[in-house]
Amino acid sequence: MSDTQATGFFTDTTVCIGCKACEVACKQWNQLPDDGFSFTGRSYDNTGALNSTTWRHVAFVERPVPLEGQITGFGDFSWLMMSDVCKHCVKAGCLEACPTGSIIRTEFDSVFVQPDICNGCGYCVAACPFGVIDRRADDGRAWKCTLCYDRQRADMIPACAQACPTESIVFGKLHDLKERAAQRVDELQAKGLTGAYLYGADATDQPGTQGLNAFFLLVDEPEVYNLPPEPVAPGNKVGASWRSLAGAMAGLVLVASASVMSSKVTR
Amino acid sequence: MNAAGNPPGHEPGSPTYHGLPAIKTPVWTWEVPAYFYAGGAAGAAATIGAVLQVLDGEDSARLVRRCRDLAALGTTVGTALLISDLGRPARFLNMLRVFKPSSPLNVGSWILTAATGLSIGAAVLSRGEGPLARMGELAGLGAGVLGPPLAGYTAVLLAATAVPVWQEGRTTLPVLFIASSTGAACSLLELGDFDETELTAVRRLGTIAQVVELAAAKAVERETGRVERVARPYDEGLSGALWKASGALTIVSLAVDQVTGKRKGGRVAAALFGSAGSLALRFSVWHAGRASAADPRATFESQRA
């Protein structure tokens, strides 16, 4: 995939105002059902997490510490908001795990589940290091953000990015996004927000996924936003497991043979 | 350093987002651990049958036949369990529209499909005569070749997920599954009536398998215990109870087997304890994965370690 065609999201959490327009626009465009209108009682986040029918989720973090370089009128407090989404990993755990070939990489370098192929085995659900993809109980198949594959093919930008009023969600060519993100980090650091950094912008940043096509600008540790600190496509680690299985299989054949031979001696 | 993740009253450790899970809980239902047991025992039985066929020829005809029946039954039941666990069971065959080494589940589907066909072929055809019987013998050998991977690929399948307790046990889990599958097959075989030599072979293999199973379980605890939080499900909750019960049942099975020798009553008791131990082990590993996925600190701390 050439960088010129690869598209993605740059989500700048420092300008997110928590309006959830992205959640609504996504639900509306993709015709996703509601999740039951539950009330968490924890924060303004009543969505909780991404799932099979929620492909954008705004996290609300209330911290008893101020944001660096920011003065508040009411003591030590800061409010972080982040619109979470499928990361469209360069090395995607779900795509590697999918046994049917239902999950593919599109011409835009995004990761897409073909609904006409998916047989609902659920393996991608366990393989995603971000807890994004999930299986719908009413439908039996796995679903997640498509990076608006349909809209992109019609030269439209994804619904969430279009709805975002602050340009916290920026959609574009990956190359341009990375440039813009790097500039934004420099700008914030110059303003005193020294903790600002990019999460998953490239392979050096996040070797386990080889980088994310939907990456983020964060100002606190990833865990605070419910993001894993060092996510890894599980397939990266599985070589040792296959080798161990090979040893155990040889052991089984050897011990079985020895048991049979030694019992023959007594015959 | 942030102060956000740990409001007063929360346990120490890595920060979390309101304590919510960082990854999804596997959607698999009870059919999956039940399949791990049935498919595993079937794979080991097919292997034992083929080894006997090659090394002992006609002398163990009865035991070979029992192995083939067990393999045919286990693979058939296992396939049915797997299909019923799918969100879209009618699309099971989509598993076979590609061959994809990066997906242990895809590789396993091919192994299971071939092993099921060969095991049924061996069990049915070898009851015939002439060329049919010879085809049955060949199918039995083929099933025997696929037996070991069938008995153990499920451990690799679990290791290749984002679930901390499965991923962090990736080198020891395959040994545990192979040993437990072999023990399970031997237990089921010991329920039958065989001659002295056949019984000796099955009991010897079964004893070794159960000893290795106990050792491998300790090794899994050690490997996952690299990060204390990750190994916790093998100690606490339903998965911990099943894990300990599995160990105890296996020890009781070994003890009964050693004390009662080849007497039928003792053999049946040992076989039942052994089967229960192996079954409990699969359900423990499955429940451990669910508990591990629900614990965000297990996810975070395994990555920070």
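Which residue follows α1(A), and what is the sign of its phi? The residue is A:Gln31, and its phi is positive, near 55°. Before the views, a word on conventions: this is a predicted model, in which local features need pLDDT of at least 70 and side-chain atom pairs count only at pLDDT 80 or more, while totals for chains, interfaces and linings use all residues. Residues are numbered from 1 along each chain as its sequence is written, chains are lettered from A and ligands numbered from 1 in the order in which they are written, and side-chain values use heavy atoms, with hydrogens and water left out.

**View 1. Chain A and its helix α1.** Chain A has seven helices and 10 strands (DSSP runs numbered from the N terminus: H or I of at least four residues for helices, E of at least two for strands). Its C-alpha trace spans about 90 × 45 × 40 Å along the principal axes. Of the 267 residues in chain A, 59% are buried; here buried means under 20% relative accessible area, exposed over 50%, and partly exposed in between (1.4 Å probe, protein chains only). Zooming in on helix α1 (residues 21–30) of chain A, we find the buried residues A:Cys22, A:Glu23, A:Ala25, A:Cys26, A:Lys27 and A:Asn30. They pack against β2 (56–63), β3 (78–85), α5 (159–163) and β8 (169–173) of chain A, with contact meaning heavy atoms within 4.5 Å.

**View 2. Two loop residues with positive phi.** Most residues other than glycine have a negative phi. A:Asp155, which is not a glycine, has a positive phi of about 60°. Look for A:Asp155 in the loop between α4 (149–153) and α5 of chain A, where it is exposed, with a relative accessible area of 75%. A:Asn226 also has a positive phi, near 65°, and belongs to the loop between β10 (214–218) and α7 (239–265) of chain A. At 12% relative accessibility, A:Asn226 is buried.

**View 3. Cysteines without a disulfide.** Over all chains, the structure holds zero disulfides (pairs of cysteine sulfur atoms within 2.5 Å). What keeps A:Cys145 from bonding to the closest cysteine sulfur? That sulfur, in A:Cys86, is 5.4 Å from the sulfur of A:Cys145, too far for a bond. For A:Cys160, the closest cysteine sulfur is in A:Cys148 at 6.3 Å, again too far for a bond. A:Cys145 is buried at 7% relative accessibility, and A:Cys160 is buried at 7%.

**View 4. Salt bridges within each chain.** The count over all chains comes to 27 salt bridges, each a side-chain nitrogen of Lys or Arg within 4 Å of a carboxyl oxygen of Asp or Glu. In chain A, the side chains of A:Arg153 and A:Glu107 meet at 2.9 Å, N to O. A:Arg153 lies in helix α4 of chain A and A:Glu107 in the loop between β4 (103–105) and β5 (111–113), so this pair ties together parts that are 46 residues apart in sequence. A:Arg153 is exposed at 53% relative accessibility, whereas A:Glu107 is partly exposed at 29%. In chain B, B:Arg68 forms a salt bridge with B:Glu137, with the closest N and O atoms 3.3 Å apart. B:Arg68 sits in helix α2 of chain B and B:Glu137 in helix α4 of chain B, so the pair links parts 69 residues apart in sequence. B:Arg68 is buried at 8% relative accessibility, and B:Glu137 is partly exposed at 31%. Also worth a look is the network of salt bridges that links A:Asp12, A:Arg184, A:Glu187 and A:Lys191.

**View 5. Where chain B meets chain A.** In this interface, 70 residues of chain B are in contact with 79 residues of chain A. The two chains bury about 6,300 Å² between them, 60% of it on carbon and sulfur atoms; buried area is the accessible area (1.4 Å probe) that two parts lose on being put together, summed over both. Five salt bridges are counted between chain B and chain A. One of them joins the side chains of B:Glu168 and A:Lys237 at 4.0 Å, N to O. B:Arg88 and A:Asp139 also meet in a salt bridge, at 3.7 Å, N to O.
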